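Welcome! Below is a set of short exercises, each followed by a worked solution. Take a moment with the picture before you read each solution.

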Amino acid sequence: MEKENVPQDKSNLTKNNVKELLYATDENGNYTTTLSTGWEPKTIALSNSIDEINERIAEAKQQVKNGEVSPISYYMELNKMDLTILSSYVGMWKWRVKRHFKPVVFTKLSDSILKKYADAFSISVSELKNFKTD
């Protein structure tokens, strides 16, 4: 894309007066950097992704409230993690982390294991144990 054709559409970036660094070609055909305030298709895609993440967070919260999953599942979604990422943060196998999603298993976890999860989520063990569904 040529430097003068780099999109400058309104996006989430413009709200905070932030610009994105992009590569474009100058008048001589050489690559150079330029700033963009946004591009409508990218803004739409990001907005849709954020909406989907928020829906998954709300669903996980409702599942915790219904006693279907443990708070670990909710905090994993809230922190935009997946099972692979969370298991690497806590240093456990994925099957073991997935097992901790079960409320009956979660209630029996030791404080040392809960501490690993709390650290991964940047919360206290108390917050993890006493999850508020309000």
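**Exercise 1. Find how strands β1 and β2 pair, and over how many bridges.**

Solution. Step one: locate the strands, β1 at residues 20–25 and β2 at residues 31–36. Helices (H or I, at least four residues) and strands (E, at least two) are DSSP runs, numbered from the N terminus. Step two: look at the direction, and you find that β1 and β2 pair in the antiparallel sense over six bridges. Two strands count as paired if DSSP finds at least two bridges between them. Step three: check individual bridges, including Glu20 with Ser36 in β2 and Leu22 with Thr34 in β2. Step four: follow the turn, where the hairpin has five residues between the strands and Gly29 takes a positive phi near 85°.

Before going on, please note that this is a predicted model, in which local features need pLDDT of at least 70, side-chain atom pairs count only at pLDDT 80 or more, and totals for chains, interfaces and linings use all residues. Residues are numbered from 1 along each chain as its sequence is written, and side-chain values use heavy atoms, with hydrogens and water left out.

**Exercise 2. Decide whether Thr34 is buried or exposed, and list what it touches.**

Solution. Step one: place Thr34 in strand β2. Step two: read its relative accessible area, which is 13%, so Thr34 is buried. Here buried means under 20% relative accessible area, exposed over 50%, and partly exposed in between (1.4 Å probe, protein chains only). Step three: collect the contacts (heavy atoms within 4.5 Å). Not counting residues up to four places away in sequence, Thr34 touches Lys3, Val6, Glu20, Leu21, Leu22 and Ala24.

**Exercise 3. Do likewise for Ser70: is it buried or exposed, and which residues does it contact?**

Solution. Step one: find Ser70 in the loop between α2 (40–65) and α3 (71–78). Step two: its relative accessibility is 1%, so Ser70 counts as buried. Step three: leaving aside neighbours within four places in sequence, Ser70 is in contact with Val64, His100, Phe101, Lys102, Pro103 and Phe106.

**Exercise 4. Work out what sign phi has at Lys80 and at Ser122.**

Solution. Step one: recall the usual case. Most residues other than glycine have a negative phi. Step two: look at Lys80, which is not a glycine and yet has a positive phi of about 55°. Lys80 lies in the loop between α3 and α4 (83–90), and its relative accessible area of 58% makes it exposed. Step three: turn to Ser122, also not a glycine, with a positive phi of about 60°. Ser122 sits in the loop between α7 (111–121) and α8 (125–129), and it counts as exposed at 65% relative accessibility.

**Exercise 5. Give the C-alpha to C-alpha distance in space for Glu4 and Glu27, then for Ser49 and Met1.**

Solution. Step one: Glu4 is in the segment before α1 (12–15) and counts as exposed at 56% relative accessibility. Step two: Glu4 and Glu27 are 23 residues apart in sequence and 9.0 Å apart in space, C-alpha to C-alpha. Step three: Ser49 is found in helix α2 and counts as partly exposed at 38% relative accessibility. Step four: Ser49 and Met1 are 48 residues apart in sequence, and their C-alpha atoms are 25 Å apart in space.

**Exercise 6. Describe the whole chain: how many helices and strands does it have, and what is its radius of gyration?**

Solution. Step one: count the elements, which gives eight helices and two strands. From the N terminus on, they run α-β-β-α-α-α-α-α-α-α. Step two: the radius of gyration, taken over C-alpha atoms, is compared with a globule rule of 2.2 Å times the number of residues to the power 0.38. A compact globule of 134 residues would have a value near 14 Å, but the chain has 21 Å. Step three: the C-alpha atoms fill a box of roughly 65 × 30 × 25 Å, taken along the principal axes. Step four: of the 134 residues, 33% count as buried.
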